[in-house]
Every structure is written in C-alpha cells, then in structure tokens.
Amino acid sequence: MGDPSVSVSDSQDPQHAQHQNSRQPQIRPELRGWDGPWKGLRAMVTGLGVSGFAAADTLAELGARVVVVDGTDAPKTRRDAETLRLVGVSQILLGEEHLSELPLLDGEPVELVVTSPGWRPDSALISAARTAGIPVLSEVELAWRLGPRPGATKPSWLVVTGTNGKTTTVTLLESMLIHDGQRAIACGNIGVPVLDAIRDPEGYDALAVELSSFQLEYTELLSPLASAVLNIAEDHVDWHGSFEDYRAAKAKIYENTELACVYNADQRVTEDMVAEADVQEGCRAVGFTTGAPGPSMLGVVDDLLVDRAFLANRAHQALELAELADFGPLAPQHLIANALAAAALARAAGAAPDAIRAAVQAYEAGDHRIQPVAKADDVLWINDSKATNPHAAAASLRSFTDVIWIAGGLPKGVVYDELVREIAPRLRQVILIGTDSSQLRSSLERHAPGVPVIGGRLREDERRSELDASLAGEDGVRAMRTAVAEAAKALAPHHTVLMAPAAASMDQFASYAARGEAFIEAVAELMTD
C-alpha cells in the first residue's frame with residue numbers, strides 16, 4: 001500500500017462514491033448475487049449456532065440443497081433443526097458420529113462448505129473438504145457475495161477486528177452512525193449474523209461488522225468501505241497453530257478496502273499490516289493514537305479527541321470530535337483508543353463530529369468489561385471477566401494502581417511473562433483461580449517475586465493446600481467465593497480488587513459472563529456479611 005503514515009491519494013474526498021476496481025473472488029467467482037447459480041448447489045453448513053443457522057436458512061432460500069452437520073445433539077439444536085427442515089434444508093446430521101466423514105447429498109459430494117467460526121481448520125470435515133478441493137467459505141463472505149436483497153439499500157461495510165476491544169468499538173460505531181441519521185446495525189461476531197443484516201427487506205446504509213480471526217480464516221475476499229485492526233497480541237494460538245497464522249488471518253481484513261485502512265499507530269504491527277495490504281486505488285491509511293496525532297490520524301490533544309484525517313487542511317488543522325469528560329468518570333486508555341478507531345470508521349462513512357460526541361456521551365460499558373461492582377472503605381471492586389487474554393488484562397491493570405488481582409483460567413496457548421513484567425509494580429497480591437494456572441504462577445514467581453501469590457499450584461505439588469484446591473476446583477462459584485474472601489483479607493485503603501483473568505473461563509464456568517456473575521455475587525455476599 002505504500003507508506004501508511006500518509007494518504008495514498010491526499011486529495012481523496014472521504015465521502016466519495018464507491019470505486020469500480022475492486023477485485024473479484026477466485027474461488028467459485030460465479031457464486032455472486034441473489035441471481036447467481038445457487039439453485040441446486042450442494043452445500044454443507046458446519047455448525048448449527050447463530051451463524052450456521054443463518055447460513056443454512058439463506059442457502060435454502062436461494063434454492064441450494066443443504067446438509068447441516070453439528071456435533072451437538074441437544075434439545076436446542078433439535079428445535080433449530082426442525083425449523084430448518086420447515087424452510088427446506090435437505091438433511092441435518094446431529095451428533096459426534098457425523099464429524100469424521102464428509103456427507104453426501106443425493107448420493108453425490110457437496111460442492112461448497114459454509115463453516116461456522118468455531119470450526120478449526122484441522123477439524124476432520126474442514127480438512128477433508130480442503131483436501132477434496134471443495135471451497136470453504138465463512139458465512140461473512142457468503143453475505144458479502146450475496147449483497148443486499150434486490151431493491152434494498154446497498155450498505156457500506158465497516159469492518160473491525162483485533163485481539164481486544166472489537167465489541168466495544170463496533171457498538172460505538174453503530175451508535176455514531178445512528179446519531180448521524182444513518183440506518184446502521186452492529187453485526188457479525190457481536191451476535192447478529194451478517195446474513196441476517198443483508199437479508200433485511202429495507203436494507204441498511206452501513207453495517208458495523210465485528211470479525212473474529214476465526215471468521216477471517218475462512219474469508220477469501222471482502223470489499224469494505226473502511227477496515228480496522230485495533231490491536232494484535234498473542235491469542236487463540238491453539239486454534240490457529242501459531243501467532244504468525246493468527247496475525248495473517250487478522251491482516252486479511254485490510255485486503256481490497258476501498259477508502260480507509262484504520263490502524264493503531266501505537267502498535268507497529270497493525271501499521272505493517274496496512275503497508276502489506278493489496279487495497280483499492282485511492283485507499284488511505286488512517287492511524288489512531290491516544291497521544292497527539294499527526295496528519296491523517298485521530299488522537300488526543302489537551303483532553304480532546306480530534307480528527308486530523310477527514311478534513312481538507314489536515315496538515316495544519318484538527319477537528320474536535322469529543323472531550324475525555326464525555327466518557328464520564330472512568331475513561332480507561334483502551335476505551336479512548338476504541339472510540340477513536342470507531343470515530344475513524346464513522347468519519348469514513350461520512351458521520352458528522354456531533355454524532356461522534358453524542359455516541360461517546362451515550363456510551364455505557366457492557367457488563368463484565370471493567371465494570372465497577374462495589375466501593376466500600378475506599379476500596380474499588382472491578383469485574384473485567386471479558387479480559388480473556390493477557391493483552392486485555394493489561395488494559396485493565398494499566399487503569400489502576402495498588403491492585404489485588406484475581407486471575408487465572410484456561411491460557412489458550414499464550415504466555416504471561418510480558419504481561420507480568422509490565423504490571424508487576426502495580427500488584428499488591430495475586431489470587432489465582434482456574435484448574436491449572438501454574439503457568440501464570442510461574443511467570444509471577446520469575447517477574448514479580450515480591451508479590452504474594454495464592455493459588456495456581458499443580459495438583460501434585462506437595463505444598464498445595466486446601467485453599468489451593470478450592471481455587472482450582474471445577475466448582476467455579478466456590479472458587480470465586482474463595483478468591484473474593486482471600487482478597488478481602490489483604491485490603492487497604494485505595495486498593496482495587498480487579499478480576500481480570502487473562503485466560504478463558506471454560507475450565508470452571510460456562511462462559512466469561514458466568515464467571516463475571518460469580519464475582520459480582522461473591523462481592524455482594526461479602527458486603528452483606
């Protein structure tokens with residue numbers, strides 16, 4: 001793309017009409033549009049979750065012959081299967097016995113696979129499909145290939161990925177667009193499938209699309225108006241196989257972008273991704289930073305969020321978008337960064353500065369994202385269960401000093417040394433939950449040797465106590481009550497008890513939300529004792 005610190009076409013109007021030079025897909029390029037050759041196509045959908053259901057429903061509506069495969073045979077999947085049968089899905093196979101061999105449709109092999117994001121590339125069905133030369137697409141690419149229903153508004157695609165902050169950014173972006181008077185919807189990995197959005201009879205002016213690395217893994221080509229990578233840190237290495245493969249999946253979001261590639265100027269790796277991307281002619285690189293911005297960037301000057309990218313005299317002027325005070329009493333650095341990224345995308349779609357400010361003022365942090373739970377005796381209790389990796393936990397830990405840190409869980413193949421080295425001066429005590437948080441304990445012992453650590457010992461460790469066993473037990477609610485009780489013993493004025501696990505939750509809880517609720521309940525019980 002050239003030097004991403006400057007505009008490729010410095011005179012480019014940010015509200016220009018769409019180019020006609022976008023590249024076309026190489027895999028089954030004829031499968032485009034609602035009038036494409038879908039009828040009779042033999043298609044397999046893997047997974048009967050939200051996105052899989054939408055994919056099967058859409059393909060059936062297009063007249064394709066569809067087989068759905070899901071390893072779970074539970075009441076909900078059976079109910080969803082019955083609904084899909086009613087709309088014309090040919091065959092639904094539920095149960096683990098169907099996960100090892102590609103199914104046949106009408107006695108013939110399938111011609112296309114649309115996969116849900118949870119299915120790993122090395123899973124038996126995906127591997128078999130690729131070996132057989134059968135195209136494997138994400139439901140996101142299926143949505144892009146189809147486009148809006150005939151007669152509906154054609155939306156601009158504004159796409160977001162990153163290790164952390166995706167949902168916050170997309171939620172803010174949706175709000176900015178709506179405050180600007182545009183018909184917009186947050187969709188993708190945020191919960192509403194993109195296929196449901198593009199099938200809306202009226203259509204949308206803009207789609208704020210959250211994309212995970214899993215979805216991008218199976219996406220050949222999109223054509224977004226603007227794209228953004230918020231940050232990159234080691235995560236999901238177990239799923240992708242290596243950090244390099246994870247980075248490569250994320251970088252695909254910039255390919256074929258039309259107007260603006262938005263990157264994190266405080267993280268060089270995202271800038272490098274833009275430089276490497278094959279974009280449309282005239283596409284610009286737009287940075288965001290929590291410091292003072294240069295030309296073609298958004299950033300912060302004197303407690304103001306400013307735009308030096310989407311205005312004519314960006315070399316010498318900055319346009320005020322919002323004030324830090326508009327966030328309310330708690331404005332962590334990473335929230336400011338997410339808001340700037342969202343603002344860059346919104347400005348690319350023509351949103352006015354007043355709409356940016358209104359969205360920031362209206363923003364309320366979601367549950368389990370640096371969520372204040374209680375304040376008593378000058379001690380703040382914070383729930384950040386959504387911090388499921390070291391990068392997310394670091395964002396929380398940077399926001400507070402004198403921290404009693406509750407952490408631990410499934411590490412997902414990451415390492416903790418860099419995180420611990422950075423935040424060690426802020427720690428006053430660490431309490432480790434999780435069935436095996438020994439890796440995090442080991443990092444703490446090496447890089448924060450003066451910080452007391454409770455929990456995280458392996459089962460065979462002779463020093464493992466009954467307390468360690470409670471924190472590491474499969475009963476997550478009990479483990480969290482124990483952790484909160486231990487934190488209470490170490491409290492002093494001005495301390496913050498921060499539950500930011502830096503790990504996934506599935507070893508002890510059904511989800512990160514369940515883990516967060518367990519923390520909230522444990523703190524409430526403590527306060528009423």
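How are helices H9 and H10 oriented to each other, roughly parallel or oblique? The close-up views below, which are all drawn from a predicted model, begin with this pair.

**View 1. Helices H9 and H10 where they pack together.** Helix H9, made of residues 243–251, and helix H10, made of residues 268–276, pack at an angle of about 60°, and their axes lie 10 Å apart. The two helices are therefore oblique to each other, and their crossing is right-handed. On the H9 side the contact is made by Arg247, Lys250 and Ala251, while H10 contributes Val269, Asp272, Met273 and Glu276. Sorted by character, the residues of this contact comprise 3 nonpolar, no polar and 4 charged.

**View 2. Gln267 in the loop between strand S12 and helix H10.** Gln267 is found in the loop that runs between strand S12 (260–264) and H10. Its relative accessibility is 17%, and Gln267 therefore counts as buried, the cut-off for that term being under 20%. The side chain of Gln267 reaches the backbone nitrogen of Ile232 at 2.6 Å. When residues up to four places away in sequence are not counted, Gln267 touches Asn231, Ile232 and His391.

**View 3. Helix H13 and the elements that cover it.** Helix H13 spans residues 390–397, and because 7 of its 8 residues are buried, H13 is largely enclosed by the rest of the structure. The buried residues are Pro390, Ala392, Ala393, Ala394, Ala395, Ser396 and Leu397. Among the elements that cover them are helix H11 (333–348) and helix H14 (417–423), together with strand S19 (403–407), strand S20 (427–432) and strand S22 (496–499). The N-terminal end of H13 is capped by Asn389, with a side-chain oxygen lying 3.2 Å from the backbone nitrogen of His391.

**View 4. Pro332 in the loop between strand S16 and helix H11.** Pro332 lies in the loop that links strand S16 (319–323) with H11, a helix that is also among the elements covering the buried residues of H13. With a relative accessibility of 8%, Pro332 counts as buried. Leaving aside residues up to four places away in sequence, Pro332 touches Ile370 and Ser399. The C-alpha atom of Pro332 is separated by 24 Å from that of Ala351, a residue 19 residues apart from Pro332 along the chain.

**View 5. Asp377 and His494, two loop residues with a positive phi.** Most residues other than glycine have a negative phi. Asp377, placed in the loop between strand S17 (371–376) and strand S18 (379–383), has a positive phi near 55°. Its relative accessibility is 71%, and Asp377 therefore counts as exposed. His494, which lies in the loop between helix H17 (476–489) and S22, has a positive phi near 75°. The relative accessible area of His494 is 55%, so His494 is exposed as well.

**View 6. Helices H17 and H18 where they pack together.** H17 packs with helix H18, made of residues 512–528, at an angle of about 50°, and the axes of the two helices are 9 Å apart. That angle makes H17 oblique to H18, and the crossing of the pair is right-handed. From H17, the residues Met480, Arg481, Val484 and Ala488 meet Arg515, Ala518, Phe519, Ala522, Val523, Glu525 and Leu526 in H18. The residues of this contact divide into 8 nonpolar, no polar and 3 charged.

**View 7. Helix H4 and the elements it packs against.** Helix H4, made of residues 139–146, is mostly covered, with 8 of its 8 residues buried. These buried residues are Glu139, Val140, Glu141, Leu142, Ala143, Trp144, Arg145 and Leu146. They pack against three helices and three strands, namely helix H1 (50–61), helix H6 (194–198) and helix H7 (213–217), along with strand S6 (112–115), strand S7 (136–138) and strand S8 (156–161). Just after H4 comes Gly147, which takes a positive phi of about 75°.

Terms used. Residues numbered from 1 in each chain as written. Predicted model: local features only at pLDDT ≥ 70, side-chain atom pairs only at ≥ 80, totals over all residues. Heavy atoms only, no water. Buried < 20%, exposed > 50% of the residue type's maximum accessible area, 1.4 Å probe, protein only. Helix = DSSP H or I, 4+ residues; strand = E, 2+ residues; numbered from the N terminus. Contact = heavy atoms within 4.5 Å. Polar contact = N/O pair within 3.5 Å; in protein donor to acceptor, adjacent residues only side chain to side chain. Axes fitted to C-alpha atoms, helices over the stretch in contact; angles between N-to-C directions. Parallel < 35°, antiparallel > 145°, perpendicular 65-115°, else oblique. Left-handed = near helix turned anticlockwise from the far one by under 90°. Nonpolar A, V, L, I, M, F, W, Y, C, P; charged D, E, K, R; others polar.
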